[in-house]
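Reader: Hello! I would like a close look at one part of this protein, the pocket and a residue beside it. Could you walk me through that in one go?

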Amino acid sequence: YHGWYASERKIGGMYSISVKIYDSRPLSENYTDIDDTVNYEDIYSVVTSLMKNEYKLIEECCKALFDSLKALKTNAIWEVNLVKENPPIKHLGSTQFRIKG
């Protein structure tokens, strides 16, 4: 339920979200324990929780997702891409915003 216009926030919309995590550890290290990486259930929990909030701009929503996800593993590089499917603009199939850092 995001969007600049009240009608968008009332009827809701479809969104696609992709999350990428870049680790800067040496390739010689192993990834054998969940503590060595990020628990994907935590990522899912953050995304589903924040998407329940109302945002007027997808940029604002994407930044909130990025900030909360970055807190899960601060030394990793995170990339969050938020796509709003079928916005209420004639002949426009989607809009998107991406943050990486």
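Author: Happy to; what follows starts with the whole protein, moves to its pocket and the lysine there, and ends with a buried methionine.

Please keep in mind that this is a predicted model. The protein has three helices and three strands, and from the N terminus on they come in the order α-β-α-α-β-β. Taken along the principal axes, the C-alpha atoms fill a box of roughly 50 × 25 × 15 Å. Of the 101 residues, 31% count as buried. The protein exposes about 6900 Å², with carbon and sulfur atoms supplying 53% of that area. If you take the contacts between residues at least 6 apart in sequence, 54% of them join residues at least 24 apart.

Now to the pocket. Rolling a probe the size of a water molecule over the atoms shows where empty space is left. The largest pocket has a volume of about 210 Å³. Its lining consists of 15 residues, and those nearest the centre are Gly3, Trp4, Glu8, Lys56 and Lys84. Sorted by class, the lining of this pocket holds eight nonpolar, three polar and four charged residues.

Lys84 deserves a closer look. You will find Lys84 in strand S2, which spans residues 77-85. Is Lys84 buried or exposed? Lys84 has a relative accessible area of 9%, and because that is under 20%, Lys84 counts as buried. The side chain of Lys84 also makes a polar contact with the side chain of Glu8, at 2.4 Å. Both Lys84 and Glu8 are among the residues nearest the pocket centre. Apart from neighbours within four places in sequence, Lys84 touches His2, Gly3, Glu8, Met14, Tyr15, Ile58, Gly93, Ser94 and Thr95.

Two names from that list, His2 and Tyr15, take us on to Met51, since they turn up among the contacts of Met51 too. Met51 sits in the loop that runs between helix H2 (40-50) and helix H3 (58-70). Although Met51 is in a loop, its relative accessible area is 16%, so Met51 is buried by the same cut-off of 20%. Again leaving aside neighbours within four places in sequence, the contacts of Met51 are His2, Tyr15, Ile17, Cys61, Leu65 and Leu82. For a distance you can check yourself, take the C-alpha atoms of Met51 and Cys62: these residues are eleven apart along the chain, and the two atoms are separated by 9.6 Å.

Conventions. Residues are numbered from 1 along each chain as its sequence is written. This is a predicted model: local features need pLDDT of at least 70, side-chain atom pairs count only at pLDDT 80 or more; totals for chains, interfaces and linings use all residues. Side-chain values use heavy atoms; hydrogens and water are left out. Helices (H or I, at least four residues) and strands (E, at least two) are DSSP runs, numbered from the N terminus. Buried means under 20% relative accessible area, exposed over 50%, partly exposed in between (1.4 Å probe, protein chains only). A polar contact is a pair of N or O atoms within 3.5 Å; within protein, one must be able to donate a hydrogen and the other to accept it, and residues adjacent in sequence count only if both atoms are side-chain atoms. Contact means heavy atoms within 4.5 Å. On a 1 Å grid over the protein atoms alone, a cavity is a set of points where a 1.4 Å probe fits but cannot get out, and a pocket is an open set with protein on both sides within 12 Å along at least five of seven lines; lining residues have an atom within 4 Å of a point. Grid points are joined across faces, edges and corners, and a volume is the space filled by probe spheres set on the points. Ala, Val, Leu, Ile, Met, Phe, Trp, Tyr, Cys and Pro count as nonpolar, Asp, Glu, Lys and Arg as charged, and the others, Gly among them, as polar. Accessible areas come from the Shrake-Rupley method with a 1.4 Å probe; for residues, only the protein chains shown count as cover.
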